[in-house]
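Trainee: Hi, have you got a few minutes to go through this one with me? I'd like to start with the empty space inside and then move on to the strands.

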Amino acid sequence: MIKEYRYIIIILIVFLFSGNIEAQLSAQQIIDKTIHMAGGAKYDNAYLDFTFRGKQYSSIRKKGLYQLERYVNTTNGLIHDVVTNSGLQRTLNNCPTKVADSLVTRISDGVNSVHYFANLPYGLNAPAVKKELIGESVIKGNSYYKIKVTFDEVGGGTDFEDEFLYWIHKDNFTVDYLAYKYAVNGGGVRFREAYNVRTINGIRFVDYYNYKTDVLKTPLSDLDSLFEKGKLKLLSKIELKDIRVYFERDCC
């Protein structure tokens with residue numbers, strides 16, 4: 001009988017210890033696992049091309065340097081915007097063109113934003129990113145970590161006051177839902193549901209159903225329950241097309 005009690009105690013200790021290991025995962029550890037599952041180090045040296053809403057985008061990353069590009073066909077010709085560590089450059093029909101100071105930030109932010117969402121979760125380990133595990137929730141029967149993301153003013157870009165929330169699957173470590181609150185153009189709140197998941201040359205890509213709420217004071221942490229109750233409005237679809245991923249060795 002005493003031996004049986006000992007076995008029960010040992011089993012309980014192992015069970016409790018295993019539970020504590022899971023509870024001890026930090027926001028940083030969760031993000032690290034999520035980036036690894038989505039492509040990890042492949043992001044750091046990848047050449048990416050894709051089309052979004054009729055515009056072509058491409059990016060090159062290598063050893064901390066980046067080059068984010070956008071091509072737009074206009075009535076005046078082809079506009080090519082290039083955002084690098086050094087700033088913005090624009091050409092029109094391959095000729096350098098001056099960008100008004102008042103437009104530099106808006107153009108750069110527009111290019112950055114599309115690449116940011118297309119490459120999630122890459123970027124969540126940038127130096128200006130602050131991460132916090134604020135809880136867990138269940139959406140459509142699946143359990144998720146809820147990771148709040150904010151940004152330092154230094155290095156956080158012009159929209160450093162924006163707030164994000166990521167729902168990361170507790171078993172798969174994938175970003176299946178995300179939400180954000182922004183202030184520009186009158187502000188807004190968005191909730192995105194990932195679909196059409198595919199892996200291309202080792203990197204994970206998704207499209208999104210893009211939902212909104214008209215109540216701008218709604219906390220991001222409440223959006224999962226509102227989504228489950230069908231109280232969010234479908235605004236649009238975020239679809240990436242013609243995706244190509246290759247590496248330097250593939251070009252030779």
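Trainee: Which residues line the largest cavity?

Mentor: This is a predicted model, and in it the lining of the largest cavity consists of Phe 117, Ala 118, Leu 120, Pro 121, Val 175, Arg 204, Phe 205, Val 206 and Tyr 208.

Trainee: How many of those are nonpolar, polar or charged?

Mentor: The lining has 8 nonpolar residues, no polar ones and 1 charged residue.

Trainee: And how much space lies in the largest cavity?

Mentor: About 60 Å³. With a cut-off of 30 Å³ or more, the count is 1 cavity.

Trainee: Which element gives the most to the lining?

Mentor: Strand 12 does, with 4 residues. Helix 3 (101-118) and strand 12 (203-212) each supply at least two.

Trainee: Sticking with helix 3, which strands does it lie across?

Mentor: Helix 3 lies across strand 1, strand 2 (55-62), strand 3 (65-74), strand 4 (77-84) and strand 5 (87-92). Its angle to strand 3 is about 105 degrees.

Trainee: What order do the strands of the open sheet come in?

Mentor: There are 7 strands, in the order 6-5-4-3-2-1-14, with antiparallel pairing. At the edges are strand 6 (95-96) and strand 14 (241-247), and each of these pairs on one side only.

Trainee: How many bridges are there between strand 1 and strand 14?

Mentor: Strand 1 (residues 46-52) pairs with strand 14 over 5 bridges, in the antiparallel sense. Ala 46, for instance, stands opposite Phe 247 in strand 14.

Trainee: Nice. Switching to strand 11, what does it pair with?

Mentor: Strand 11 (residues 188-200) pairs with strand 10 over 6 antiparallel bridges, and with strand 12 over 9, also antiparallel. Tyr 180 has Arg 190 in strand 11 as its bridge partner, while Phe 191 is partnered by Tyr 211 in strand 12.

Trainee: Which residues take a positive phi in those hairpins?

Mentor: In the hairpin of strand 10 and strand 11, with 5 residues between the strands, Asn 185 has a positive phi near 55 degrees. The hairpin of strand 11 and strand 12 has 2 residues between them, and there Asn 201 in the turn has a positive phi of about 50 degrees.

Trainee: Last one: is Thr 174 buried or exposed?

Mentor: Thr 174 counts as buried because its relative accessibility is 13%, and buried means under 20%. Thr 174 sits in the loop between strand 9 (163-169) and strand 10 (175-182).

Trainee: What is Thr 174 in contact with, leaving aside neighbours within four places in sequence?

Mentor: Thr 34, Trp 167, Ile 168, His 169 and Arg 204. You'll recognise Arg 204 from the lining of the largest cavity.

Conventions: Residues numbered from 1 in each chain as written. Predicted model: local features only at pLDDT ≥ 70, side-chain atom pairs only at ≥ 80, totals over all residues. Heavy atoms only, no water. 1 Å grid on protein atoms, 1.4 Å probe; cavity = no way out; pocket = protein on both sides within 12 Å on 5 of 7 lines; lining within 4 Å. Points joined across faces, edges and corners; volume = space filled by probe spheres on them. Nonpolar A, V, L, I, M, F, W, Y, C, P; charged D, E, K, R; others polar. Pairing = 2+ DSSP bridges. Contact = heavy atoms within 4.5 Å. Axes fitted to C-alpha atoms, helices over the stretch in contact; angles between N-to-C directions. Buried < 20%, exposed > 50% of the residue type's maximum accessible area, 1.4 Å probe, protein only.
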